[in-house]
Amino acid sequence: MSSINFSYDLFVKCIEEIIEISSSLLDGWTLNEKQNCDNGKYITKKSTVSLNHTIVIFEYHIAFHISYNVPVLCVNVWKSDGSLLTMEEVWNLSSCPNSLNMYETLTQMDHPVLCQPILMLHPCKTQEILRGFMQKSKNPVVSWLSIASHFVHLRLLNEYINCCF
């Protein structure tokens, strides 16, 4: 299967639009930039969620993966006592069907900008999802998130979806 034509410049345009919408909604996304880095811009958001009678804090990062040329959704998850959940514990919280191979869906990799271990929806799946949106969506990052976000309990408001049309 051929790769899609998704550039870092398109990624930056898309995440800047997410930041614009988030600012108007007070939804919590922030733009970050690591200097002297070819893919230095990324966005982050923290969210506290109650799952299975457990309070957990999700920290989401949307960054650009240079090797795959796609956006990636990274996540760290903490218990309310501040301890980081293991990959297996996050899998158990995931809304993924049990039949999915979790190692191919949500796995630990190095953050594409910060170069530290983080859980990430695997970029090869992103390539597949984005392919269907590249010609149709005004914001392919949001379109991809509309599919990927439920795997890690990321709530995506309708105002974001509306920017795709």
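This report describes the overall fold, one helix pair and two backbone features of a predicted model.

## Overall architecture

The protein contains six helices and six strands. Read from the N terminus, its elements follow the order α-β-β-β-β-α-α-β-β-α-α-α.

The radius of gyration of the protein is 15 Å, which agrees with the value near 15 Å expected for a compact globule of 165 residues. Along the principal axes, the C-alpha atoms occupy a box of roughly 40 × 40 × 35 Å. Of the 165 residues, 48% are buried. When contacts between residues at least 6 apart in sequence are considered, 51% of them connect residues at least 24 apart.

## The α4 and α5 helix pair

Two packed helices are described by the angle between their axes and the distance between the axes. For helix α4, spanning residues 123–131, and helix α5, spanning residues 140–148, the axes come within 9 Å and cross at roughly 115°. Because angles of 65 to 115 degrees count as roughly perpendicular, α4 is roughly perpendicular to α5. The crossing of these two helices is right-handed.

On the α4 side, the contact is formed by Thr126, Ile129 and Leu130, and on the α5 side by Pro140, Trp144 and Ile147. In character, the residues of this contact comprise five nonpolar, one polar and no charged.

## Residues with positive phi

Most residues other than glycine have a negative phi. Two residues are described here in that context: His53 has a positive phi of about 65° although it is not a glycine, and Asn69, also a residue other than glycine, has a positive phi near 55°.

His53 lies in the loop between β2 (41–51) and β3 (54–65). Its relative accessibility is 84%, and His53 therefore counts as exposed, the cut-off being over 50%. Asn69 is placed in the loop between β3 and β4 (70–79). With a relative accessibility of 36%, Asn69 counts as partly exposed, because this value falls between the 20% limit for buried residues and the 50% limit for exposed ones.

## Summary

In outline, the predicted model has six helices and six strands, and its radius of gyration agrees with that of a compact globule. Helices α4 and α5 cross at roughly 115° in a right-handed manner, through a contact that includes no charged residues. Positive phi values occur at His53 and at Asn69, with His53 in the β2–β3 loop and Asn69 in the β3–β4 loop.

Note on methods:
Residues are numbered from 1 along each chain as its sequence is written. This is a predicted model: local features need pLDDT of at least 70, side-chain atom pairs count only at pLDDT 80 or more; totals for chains, interfaces and linings use all residues. Side-chain values use heavy atoms; hydrogens and water are left out. Axes are lines fitted to C-alpha atoms, for helices over the stretch in contact, and angles run from 0 to 180 degrees between N-to-C directions. Helices (H or I, at least four residues) and strands (E, at least two) are DSSP runs, numbered from the N terminus. Angles under 35 degrees count as roughly parallel, over 145 as roughly antiparallel, 65 to 115 as roughly perpendicular and the rest as oblique. A crossing is left-handed if the near helix is turned anticlockwise from the far one by less than a right angle, and right-handed if clockwise. Contact means heavy atoms within 4.5 Å. Ala, Val, Leu, Ile, Met, Phe, Trp, Tyr, Cys and Pro count as nonpolar, Asp, Glu, Lys and Arg as charged, and the others, Gly among them, as polar. Buried means under 20% relative accessible area, exposed over 50%, partly exposed in between (1.4 Å probe, protein chains only). The radius of gyration is taken over C-alpha atoms; the globule rule is 2.2 Å times the number of residues to the power 0.38.
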